[in-house]
Each structure stands twice: as structure tokens, then as C-alpha cells.
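This report describes a protein model in terms of its sheets, nonpolar cores, cysteines and one arginine site.

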Amino acid sequence: MGKPTGFLEYSRKAGNVAGPLERIQNFHEFHTPLTEGQQKEQGARCMECGVPFCQSGMMLGGMVSGCPLNNLVPEWNDLVYNGNWPQAYNRLKKTNSFPEFTSRVCPAPCEAACTCGLHGDPVSIKENERAIIEMAYQTGKAGPRPPKLRTDKKIAVVGSGPAGLAAADQLNRRGHNVTVFEREDRIGGLLMYGIPNMKLEKGVIDRKIQVMRDEGVTFVTGADVGRNYKAGKLKREYDCVILACGASNPRDIPVPGRDGEGVYFAVDFLKATTKSLLDSNLQDGNFISAKDKHVLVIGGGDTGNDCVGTSVRHGCASVLQLEMMPKLPDKRADGNAWPQWPRVCKTDYGQEEAAAVFGRDPRVYQATVKELVKDESGKVCKAILVSLAPQKDPESGRTAMVPVEGSEREVPADLVLIAAGFLGAQTYVADAFGVELNSHSNVATEAGGYATNVENVFAAGDMHRGQSLVVWAIREGREVAREVDRWLMGYTNLA
């Protein structure tokens with residue numbers, strides 16, 4: 001695949017990234033793509049490795065290795081190298097419903113499993129993926145392709161995140177009549193309001209949604225199924241219902257002072273900023289502002305990093321990001337061999353920006369909040385932090401992070417953002433349909449399947465598997481579409 005000696009002749013190259021102090025001036029994407037010639041060189045680097053771990057999607061050591069969508073990476077790398085962009089798009093779309101999204105927000109487990117990366121730098125797979133889909137839009141290849149034949153089957157998809165959209169896209173291509181119901185005012189779910197604009201500009205989503213509309217998918221916004229829209233109505237009017245509402249139940253922190261003014265869930269903070277940005281370019285003031293505030297972000301994951309980057313763009317006075325676990329090593333540990341996902345310390349865009357503005361990495365490891373302190377008016381004004389240390393339970397053998405006595409310290413905090421993960425699906429949707437939940441508050445199905453305990457009701461995405469990556473959501477959306485198609489028609493030809 002590619003050029004047999006390409007990995008020896010060409011170095012890895014990714015698109016240019018605007019500097020931290022430049023990009024924090026706005027909420028735009030800050031990556032500049034490679035030229036077409038440079039992109040061909042990157043395609044040439046894909047070596048004839050024999051076993052393409054990049055597309056495997058295996059679970060190794062509890063983490064995914066390679067692409068969960070089983071993207072045909074070596075094939076389209078070779079096609080990019082040879083300049084056959086239309087066929088590269090065909091092979092990419094064979095497995096991935098939304099490369100315009102994944103090429104921007106996926107953490108690239110494909111690159112972590114690239115054989116080129118075993119003793120050097122992996123192929124820049126995400127760059128190639130993005131180049132293929134953008135070329136397809138430029139040339140009209142990614143335009144609407146409505147199905148030539150329609151069935152009489154009607155399917156309702158509840159939720160317009162990546163899982164719901166993937167299911168809708170596949171079932172519409174099959175010729176079924178699909179309607180997507182979204183409780184927010186814009187289509188996209190997690191993609192629209194859970195991911196900041198600088199990571200995924202919302203015009204990219206709108207572009208794809210318009211293609212899907214032109215292909216025959218119907219979208220209904222403001223439909224909060226289980227509240228202002230009856231679940232029974234969907235069950236009566238549609239042959240099948242797919243629940244793809246995400247894992248949108250945020251984990252809280254039960255500490256003194258939690259009820260103080262100025263404490264928010266991260267998802268509410270990020271959503272408010274994006275909505276105001278899209279509605280008025282932040283001129284309406286309808287968002288939770290971090291300007292001139294001392295921001296404390298509780299949670300070290302992607303959402304926490306997004307809060308850091310957004311707060312810096314608001315013009316915060318300072319920002320700290322708490323991480324309960326110890327700092328990961330800078331290089332792979334001996335027990336974390338390739339092609340496992342590399343458990344190493346990475347500095348994301350928001351952390352880079354905070355370091356550039358304030359002169360230090362915002363992350364504080366092995367720490368959590370013991371108490372939030374309120375002033376006389378009930379507003380949070382500072383936080384008492386406590387250090388944590390790993391301690392193994394002698395009975396279970398499990399290691400837990402426990403507070404270190406006497407390690408308390410005080411930090412200013414007048415805006416606290418809780419980014420401690422999610423506990424599963426919001427129960428009101430499940431209750432409205434009568435579907436069962438498992439012990440993790442996710443919709444219960446048989447292993448490897450998507451049918452719930454309620455006839456003609458299926459579930460997929462984070463609502464089904466728990467909080468996960470966009471690529472897993474797309475995979476589940478495609479798989480539930482295949483199961484629904486087989487259930488409706490007695491067979492399926494969906495990939």
C-alpha cells in the first residue's frame with residue numbers, strides 16, 4: 001500500500017496549527033490542511049506492513065487498538081498517493097458515515113496502532129481522511145444521493161448525535177422513511193453542543209445535515225421525547241423506534257458548598273457558549289461567562305480540557321484543572337507495548353493555551369475538591385483542595401485514590417465547572433418507553449445486540465454503551481441500522 005519505500009523517503013507531516021496566543025482570539029478551527037502534493041506524500045508513507053493493525057478495532061488491555069469502524073485505511077492511503085480521490089472517497093465511505101466529523105474530533109486510535117509508529121512516526125491518517133472528505137465536497141462527490149426505491153417502513157430515531165445520525169443515514173440509504181427527533185433547537189446532539197466550535201465548526205455539521213435532508217431524512221427539533229413529545233405516539237406511528245439519546249446524565253460532586261452560585265456542570269457551560277456563539281456571536285450575553293474569573297475545572301478528560309480552552313477564550317483570570325489520577329508517564333511503560341493505545345501524558349489544545357497565557361500547565365494531579373466556600377451572598381469564592389494518594393484495598397485488591405491527611409490548601413474559585421464524566425442515560429426517556437436499564441444506567445440489551453425488552457424499540461450509542469468516542473457511536477449507529485433493517489425486512493444488505 002502506498003509507496004513501498006515511502007516511509008523511508010518522507011517524514012510525517014501534519015497540517016499547520018495556529019499558535020496558542022493567536023487561536024484564542026476566536027472560536028474558529030485552527031488547523032490548516034496540507035497541500036494536495038503534501039497529502040500524496042503522506043499517503044505514500046503507508047507501508048506494506050502485512051497486518052494492518054490500524055483498521056483492526058481490537059480491544060487490548062481494556063483499550064481499543066485501531067479503528068473501531070474498521071476503516072480501510074491502507075486502501076485509501078494508497079489511492080491518495082496515486083491521486084485517485086473519487087475511489088478513495090468510495091472506500092472511506094464504505095465504513096465511515098461521517099469522516100468530516102471523525103477527521104476532526106477522533107483521537108485517532110488508528111494512528112496509535114500504525115506499524116510505521118512502532119519504530120518511528122505513524123502515518124498521518126487523520127490528515128488523509130480529512131483531505132479525502134473535503135475533496136469529495138469540493139468536487140460534488142459527497143453531494144446528496146437519494147435512494148432510487150422506497151419501502152413503506154417508517155422509523156423514528158430519537159437523538160441526533162453521531163449514533164442517531166449514522167442509523168438514520170444507513171436506513172435512509174436502504175430506502176426506509178426515517179425521521180430524527182432532537183430535543184434541542186439544532187441538529188447534531190453531542191457534535192453540536194457537546195464539542196466546542198474550535199474543535200468542530202458547526203457549519204461542517206450543517207453541511208452534512210443538509211445533504212441528509214436532500215436525501216430524504218426528516219428532522220424535527222424541539223421534540224423532547226418523554227416530556228413534550230409522547231413516546232406512545234412514536235410507537236403507534238412508526239414501525240420501529242431507535243433510542244440514541246446519549247449518556248447525558250452528568251456525574252455530580254457531593255461536597256459542602258456545591259449549591260453555591262457559580263457552580264455548573266461542564267456540559268451546560270459548553271452548550272451555553274456554543275449556542276450564544278451561533279445565535280449572536282456571543283453578543284446576546286446568554287452564556288456562562290468566565291471573563292475575569294478564577295476558573296476551577298474538576299475533571300481531567302476531554303470535556304475538562306474543552307472547558308479550559310473555552311475559559312481562556314472568554315478571558316478568565318486564571319484556570320486550574322483537577323485530575324484525580326497520577327500524571328501518566330511521558331513515554332510508554334514496559335507493560336504498555338505497541339499496538340496498545342499509548343497510555344502517556346498528552347497536552348491538549350486547551351492546556352497548551354492556558355500554559356501560553358498563564359505560564360504554567362493548568363493541570364493539578366492527584367487532587368480533588370474537599371469543600372467549596374461561599375461568600376455572604378451565596379456565591380462560590382474559593383475552593384479547598386486536598387491531595388490524593390493511591391491505596392490498595394487488601395481484600396479486593398483494587399486501588400483507590402484516598403485523601404492525604406493534612407494536605408488541604410485553598411485556591412480562589414468563582415467559577416467551578418464539573419467535568420467528572422457521565423453516569424449513563426437520562427432515565428425519563430427510558431421510562432417513557434418502558435425499556436430496562438442495566439447496572440450502569442445504560443439501556444439493557446443482549447450482548448452484541450441492540451433490541452431492548454420492548455418490541456420494536458432499539459438503542460444505540462452512548463445511551464447503550466456508556467460515554468465513549470464518536471467513532472464507537474457511529475459504529476453502533478450503523479450496527480443498529482443493520483439489525484433494524486433485518487428485523488423489518490427479514491434480511492439486510494447494509495454494510
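The sections below take these topics in turn.

The model is predicted.

**Two parallel sheets**

One open sheet has 5 strands in the order β7-β6-β5-β8-β18, and its pairing is parallel. Its edge strands, β7 (218-221) and β18 (457-459), each pair on one side only. From one strand to the next the twist averages 20°. Within this sheet, strand β6 (residues 177-182) runs parallel to β7 and is joined to β7 by 4 bridges. Thr-179 has Thr-218 in β7 as its bridge partner. Helix α9 (residues 162-173) lies across β5 (154-158), β6, β7 and β8 (240-243), and runs at about 165° to β6.

Another open sheet, also of 5 strands with parallel pairing, has the order β9-β17-β10-β11-β12. Here β9 (263-265) and β12 (363-365) are the edge strands, each paired on one side only. Neighbouring strands are turned against each other by 20° on average, with direction ignored. The pair formed by β11 (residues 318-323) and β12 is parallel and has 3 bridges; Gln-321 has Arg-363 in β12 as its bridge partner. Helix α14 (residues 302-314) packs on this sheet and touches β10 (294-298), β11 and β17 (415-418), with its direction at about 175° to that of β11.

**An antiparallel hairpin**

Strands β13 (residues 367-374) and β14 (residues 380-392) run antiparallel and are joined by 7 bridges. Val-373 of this pair stands opposite Lys-382 in β14. The two strands form a hairpin with 5 residues between them, and Gly-378 in the turn has a positive phi of about 90°.

The strand pairs described above are listed here.

| Strand pair | Sense | Bridges |
|---|---|---|
| β6 and β7 | parallel | 4 bridges |
| β11 and β12 | parallel | 3 bridges |
| β13 and β14 | antiparallel | 7 bridges |

**Nonpolar cores**

In soluble globular proteins, nonpolar side chains tend to be buried together. The largest nonpolar core in this model has 66 residues, and Ile-242 and Val-484 have the most contacts inside it. Beyond its neighbours within four places in sequence, Ile-242 is in contact with Ile-155, Ala-156, Val-157, Val-158, Ala-167, Leu-171, Phe-458, Val-480 and Val-484. A second core, separate from this one, has 21 residues, among them Phe-181, Ala-223, Val-457 and Ala-459.

**Cysteines**

How many disulfides does a search of the whole structure find? The search finds 0. A disulfide would need two cysteine sulfur atoms within 2.5 Å. For Cys-110 the closest cysteine sulfur, that of Cys-67, is 6.1 Å away, so the distance is too far for a bond. For Cys-114 the closest is that of Cys-116, at 4.8 Å, which is also too far. Cys-110 counts as buried because its relative accessibility is 10%, and Cys-114 counts as buried at 9%.

**Arg-104**

Arg-104 is found in helix α6 (residues 99-105). Is this arginine, Arg-104, buried or exposed? With 14% relative accessibility, Arg-104 counts as buried. Its side chain makes a polar contact of 3.0 Å with the side chain of Glu-29, and a polar contact of 3.3 Å joins the side chains of Arg-104 and Glu-134. Not counting residues up to four places away in sequence, Arg-104 touches both of these glutamates as well as Lys-126, Arg-130, Lys-199, Leu-200 and Val-204.

Notes: Residues numbered from 1 in each chain as written. Predicted model: local features only at pLDDT ≥ 70, side-chain atom pairs only at ≥ 80, totals over all residues. Heavy atoms only, no water. Buried < 20%, exposed > 50% of the residue type's maximum accessible area, 1.4 Å probe, protein only. Pairing = 2+ DSSP bridges. Axes fitted to C-alpha atoms, helices over the stretch in contact; angles between N-to-C directions. Contact = heavy atoms within 4.5 Å. Core = buried A, V, L, I, M, F, W, Y, C linked by side-chain atoms within 4.5 Å. Polar contact = N/O pair within 3.5 Å; in protein donor to acceptor, adjacent residues only side chain to side chain.
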